[in-house]
Structure formats: C-alpha cells, structure tokens
Amino acid sequence: MTTRLTVAQALVRFLTAQHTERDGERRRLIGATWGIFGHGNVAGIGQALVEYAGVMPYHQGRNEQSMVHAAVGYARQCGRLATHAVTTSIGPGATNLVTGAALATVNHLPVLLLPGDVFATRPADPVLQQLEVPYAGDVSVNDTLRPVSRYFDRITRPEQLIPSALAAMRVLTDPVETGAVTLALPQDVQAEAYDWPEEFFAERVWTVRRPGPDPAELARAAAAVRAARRPLLVAGGGIRHSRAQAALAAFAEATGIPVASTQAGKGALRYDHPRDVGGIGHTGTATADELARTADLVIGVGTRFTDFTTASGTLFQHPDVRFLHLNIAPHDAHKLAALPLVADARTGLEELTGALASYKVDGAYTDEYTAAKERWERRVDACFASPDPDARPTQPQVLGALDALVDESDIVINAAGSLPGDLHKLWRARSRDQYHLEYGYSCMGYEIPAALGVKLAAPEREVWALVGDGTYLMMPTEIVTAVQEGVAIKVLLVQNHGYASIGGLSAAVGGERFGTAYRFRTQEGTYTGAPLPVDLAANAASLGMRVLRAGSVRELRAALAEARAADTPTCVYVETETSDTVSGAPEAQAWWDVPVAASATRTPAVTAREQYERHVSTRRRHL
C-alpha cells in the first residue's frame with residue numbers, strides 16, 4: 001500500500017515514528033521541531049507541521065543558531081536518546097545554522113537540521129537569497145554545513161528521501177558517529193507529492209549500542225593499572241553520555257584511584273565523594289593538577305584530551321607517565337599514544353573493575369590526595385565567603401550565593417567567558433547532570449537557548465543559565481521564546497562591563513586588554529573612561545522577562561531565592577566587583593598555549609613572550 005503525501009509531510013510523519021532504546025529505556029528520537037519560516041520552508045515543512053501538529057510539537061525560535069543550541073541542550077539532558085529537529089529558510093536562515101551544527105558535532109550531540117534550499121528544478125535562476133557559484137550548478141550555501149555535519153544529503157528527488165532519512169537516523173543514534181545531521185531540502189521538492197510505501201512510516205526502534213572491550217585490550221589495561229603506583233582517572237563527557245556515573249563510583253571506590261574531571265565530565269562524581277579531586281587542566285583545581293603532574297598512569301574515560309585538559313601538553317610531567325584511554329571512539333582512545341580500551345564507558349568500567357579484583361592504591365597516596373582536597377575546599381570556602389553582605393559581590397561570591405541555595409535537582413548551564421574557569425574550579429556539583437558546561441566549542445550565546453532545551457527535557461527541575469554581559473549581548477533573543485511558551489528558565493546575568501576572560505588573557509599575552517572592555521572610545525583610539533550606559537536588565541525586561549536587580553550580596557541572596565521560587569521566566573541581574581585577577585577566583589593552576597608575538601617593541605608583549613618561552617619549554621610529546 002502507498003500513501004500520497006508531499007516530501008515535507010512524509011518526512012515529518014516519518015520522524016514521529018522513530019524511537020531509541022538503551023537498557024530497556026525507550027524514547028521518541030525527535031521530540032519536537034524548532035522553526036523560523038521564510039521562503040524555502042514555509043510552504044513545505046511549515047505546512048507539514050500544521051498537518052501533523054497533533055503529533056509533532058513545534059517551538060518558534062528567534063535565531064537559527066539559538067534553535068540548534070536549544071535542541072542540543074535537550075539532547076544532552078536526554079542522554080543523547082532524544083533530540084529536536086530544526087527547520088530554516090534558504091540563504092541566511094540556513095547559514096545561521098553553521099555555528100550550532102559545529103557545536104553539536106564537536107560535542108558528539110545529535111541534532112537534525114532541515115534547512116530549505118534553492119529550487120532543484122531551477123525554474124528561475126538565481127532566486128532570492130541564492131549564492132551563485134559559477135563553477136558548479138549544484139552548490140548552495142547549505143554546503144557550508146558539510147564540514148560541520150556527521151551526515152549530509154540534499155534531497156533532489158522525492159524517492160531519495162527514503163534511504164537518506166534512514167541513514168540520518170542511523171547516524172543520530174550511533175554513539176560514536178552522532179552529531180549534527182543535515183538534510184537540505186530544496187523548496188520545490190518539499191512541496192512535491194509522491195506515493196510513499198506504508199512501510200516507510202512504520203515505527204522503528206534504533207538500539208543505542210553498549211559495545212564491550214576486546215578481551216586482550218582489557219587484560220593489557222588491567223595489567224597497566226596494577227603496575228601503577230600513582231594512577232589518576234580523568235572523567236570526560238563520555239561518562240555522562242553513557243550514564244556511567246554509578247560504574248565510575250564503583251570503580252573509584254574499589255580501587256581508591258582519584259578522579260579528576262574535564263568540563264564535560266564534572267559531576268560524574270559528586271563533589272563530596274572521597275575520590276573526587278575536582279576539575280583538571282588549565283581551569284582545574286590545584287589538587288587535580290598536582291596529581292596530574294606526578295601521575296605515572298593517566299586513565300582517560302570518555303574524554304578527548306583537549307588542550308585545556310592537558311594544559312597544552314605541559315601537565316603530565318612524570319618521566320615514565322603512560323596513558324590508558326577507555327573510549328567508545330577509536331580516534332579518541334589512541335590519543336597521546338595511549339593503551340586503547342575501545343568500549344562503552346559504562347561497560348568498560350564495569351569490566352575493568354572486575355578484572356582488577358583486589359587491586360587498591362597505597363593508603364599513603366589516598367591520604368595525600370584527601371588532604372590536598374580538604375585544603376582546596378577551604379580555598380573554595382574563602383572565595384564564596386562574603387564578609388560584608390552589603391557590598392557588591394565578586395563573581396565567586398555570586399557563585400557562592402547560588403551554591404548555598406540550590407539542591408541536587410537544580411541544573412546550572414554555562415559555556416564561555418570567565419565563568420567556566422570559576423565554575424570548573426569552584427562549583428560543587430551535587431548530581432550527575434547538575435553541571436552543564438559546553439566547553440568543547442566554548443560558544444558564546446549557548447546558555448539561554450540551551451536552558452530552554454534542558455527545561456523542555458526536565459520541566460520539573462530548576463534550570464539556571466549563567467550568563468556574562470558579553471555572552472548576553474551575543475544572543476538574548478530566546479528570552480522571547482521562553483516568555484511566549486511559558487518556559488520558566490532562570491537567567492543569572494553577571495555584569496562586569498566587558499569581556500573579562502579575554503581581557504585577562506589579552507593582558508597576559510601582551511595585548512594590553514585592547515578591545516575587550518565596554519568603554520567610550522577616545523580620539524586617540526583607546527577605550528577609557530566610564531562604562532557605557534547600557535542597561536542589560538532593562539533590555540531583558542523589554543523582552544518580557546521578569547527582572548530582579550541585586551546591588552549587594554544580601555540583595556543577591558534574596559533575589560536568587562525569589563527567582564528559584566518563580567513559575568515564570570525570571571532574570572537576576574547583578575553587577576560584580578572586579579579585581580586584577582578578573583574574577584577573584586584562584587588563578588589558573590596550569591598553563592594554556594596562546595602564542596605571543598615573537599617580535600614587539602612594547603614592554604607587556606616582550607615580557608609576555610619571555611614567559612611564553614619558559615612554558616613552551618616544558619611541553620612534552622607523549623609518544
């Protein structure tokens with residue numbers, strides 16, 4: 001039997017019948033569709049969403065990049081078992097997807113992109129918003145999505161949709177390959193009718209695999225752990241994707257091996273777990289970084305070992321350090337010339353724990369890192385403390401006020417600026433998914449739309465978007481969507497009058513904070529004087545959000561409590577006290593490579609270059 005539908009109608013109906021399954025948990029794969037309509041999707045996908053409004057929920061976005069961020073936030077909160085689709089018009093609507101797609105693919109998070117495309121039949125050429133490419137008639141701006149997509153296809157014939165849609169679902173549900181998937185849809189093809197086989201619309205369940213380790217690799221991994229005297233485990237985002245937190249805790253408790261965490265892995269163990277030693281790398285704790293410098297075996301689990309984690313190759317300094325990587329992706333498992341253990345994080349940890357049987361680290365090592373962690377926690381207490389409740393808070397004191405209020409059900413979202421560094425060092429994660437940091441792409445503007453996606457996935461929980469003034473100015477538009485749909489996210493808007501993180505980095509590398517502050521420009525071209533008269537609180541209120549202003553620590557505590565109890569989208573606005581260390585948090589505990597001018601006349605750049613060369617000299621190639 002066949003059913004006559006347009007291509008767009010067939011695609012939407014197909015998507016409603018796709019499900020995932022893992023460990024007996026079944027989820028609908030595409031939970032909703034985000035869309036901004038224009039020519040290229042209004043008469044195709046737009047009409048199809050009206051046709052199937054009863055079974056395919058729709059969310060109206062304000063910015064195409066933001067819609068992808070919202071879908072990614074939803075996918076991460078759902079453990080990659082579910083995501084959203086995103087539809088746009090042709091031209092700028094489509095190219096606005098690129099940043100969000102890159103973020104999804106870098107972080108191995110599924111999202112389905114459905115950009116409109118120019119006419120496949122070319123009745124008029126060029127059409128509005130079409131980029132003409134003289135050397136190729138089959139190229140459009142949608143081709144910019146190819147390098148940031150894990151799967152890309154352009155549907156130029158109705159029957160082409162059948163294999164392409166199935167391939168798209170395969171990639172979205174593959175724990176190694178998943179990321180952004182793009183089906184470019186020419187506007188004429190979207191509206192074309194075709195007789196579809198009923199089997200295309202049958203319910204399908206895509207199993208999310210948990211591959212186990214190869215026995216020989218497992219034996220070598222267990223032998224490497226047994227031979228180590230100072231092992232350190234680095235927990236990455238793969239633990240969260242696999243929902244391997246309980247398996248990690250069992251491994252750490254059985255072996256006594258301390259656990260440090262990347263930005264994506266923080267929260268894999270609760271902050272008060274005896275084996276948790278905090279964040280690692282450039283934004284890590286002194287405890288974790290000192291252990292890393294002396295570790296003879298580094299066990300990576302679900303991490304990509306980026307430059308922030310390895311301190312650009314300067315962190316792991318033991319002369320005989322070896323690496324063991326448990327990762328579902330072979331590409332990551334072999335990094336740093338590691339002994340690979342290619343497997344799902346949960347399955348691999350469970351089998352490695354069993355293979356180690358009676359292994360336990362030396363008691364003196366346990367005492368060492370336990371005492372170091374206690375010292376670090378006292379530093380956190382000092383950063384959070386507010387001696388004068390009527391004074392303007394520092395950024396760590398803002399985090400301390402929130403830390404004192406939340407419980408394990410709250411979710412904290414951040415992505416860029418100086419906040420990620422402070423959070424990685426200081427935040428006390430209370431549950432496996434409370435700490436939601438997007439740092440693989442470190443994308444300014446992620447926080448507010450991602451909070452929308454997370455809240456849609458977990459409506460019963462309080463969701464906080466922690467946003468600096470620089471990030472807020474990048475992308476506040478989804479506040480309107482939150483207000484329109486009554487999604488009660490909480491925005492903590494921190495005003496420090498400039499790009500605090502990059503300003504500090506600029507000063508450190510000889511850039512003298514050029515172009516990083518919100519100040520009036522002088523005739524000499526410098527930026528000085530009073531901050532600009534920009535009122536971000538008034539801006540948020542103008543977009544429909546309830547705004548609570550806090551001028552002191554005391555007012556901040558009250559505002560946060562009021563916001564947490566609110567059942568409408570609410571913003572807490574606070575201006576922070578700044579210092580020479582940008583935020584008042586402990587300085588970086590490890591280096592990060594940002595090249596400094598090799599030739600300069602100004603003293604700050606000359607001095608910075610001397611320091612840079614000292615750090616570079618400590619870099620190692622782990623072979």
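**Close-up 1. The largest nonpolar core of this predicted model has 52 residues.** Welcome to the interior: among its members, Leu 233, Leu 248, Ile 280, Ile 299, Phe 316 and Leu 349 touch the most others. If you are wondering which helix gives the most to this core, look to α10, residues 245–255, with its five residues.

**Close-up 2. Ile 299 and its contacts from elsewhere in the sequence.** Setting aside neighbours within four places in sequence, Ile 299 is in contact with Leu 232, Leu 233 and Val 234, and also with Val 225, Phe 251, Ile 257 and Leu 324. One of these partners, Leu 233, appears with Ile 299 among the core members that touch the most others.

**Close-up 3. A second core, separate from the one above.** Here 47 residues come together, including Trp 34, Met 67, Leu 113 and Ala 451.

**Close-up 4. An open sheet of three strands with mixed pairing.** Reading across the sheet, the order is β3-β2-β11. Which strands lie at the edges? They are β3 (25–28) and β11 (204–207), each of which pairs on one side only. On average, and with direction ignored, neighbouring strands are turned by 30° against each other.

**Close-up 5. Strand β2 beside β11, with helix α1 on the sheet.** Strand β2, residues 18–22, runs parallel to β11, and four bridges join the two. For a handy landmark, find His 19, whose bridge partner in β11 is Val 205. Helix α1, residues 7–16, packs on this sheet and touches β2, β3 and β11. The direction of α1 makes about 25° with that of β2.

Terms used
Residues numbered from 1 in each chain as written. Predicted model: local features only at pLDDT ≥ 70, side-chain atom pairs only at ≥ 80, totals over all residues. Heavy atoms only, no water. Core = buried A, V, L, I, M, F, W, Y, C linked by side-chain atoms within 4.5 Å. Buried < 20%, exposed > 50% of the residue type's maximum accessible area, 1.4 Å probe, protein only. Contact = heavy atoms within 4.5 Å. Pairing = 2+ DSSP bridges. Axes fitted to C-alpha atoms, helices over the stretch in contact; angles between N-to-C directions.
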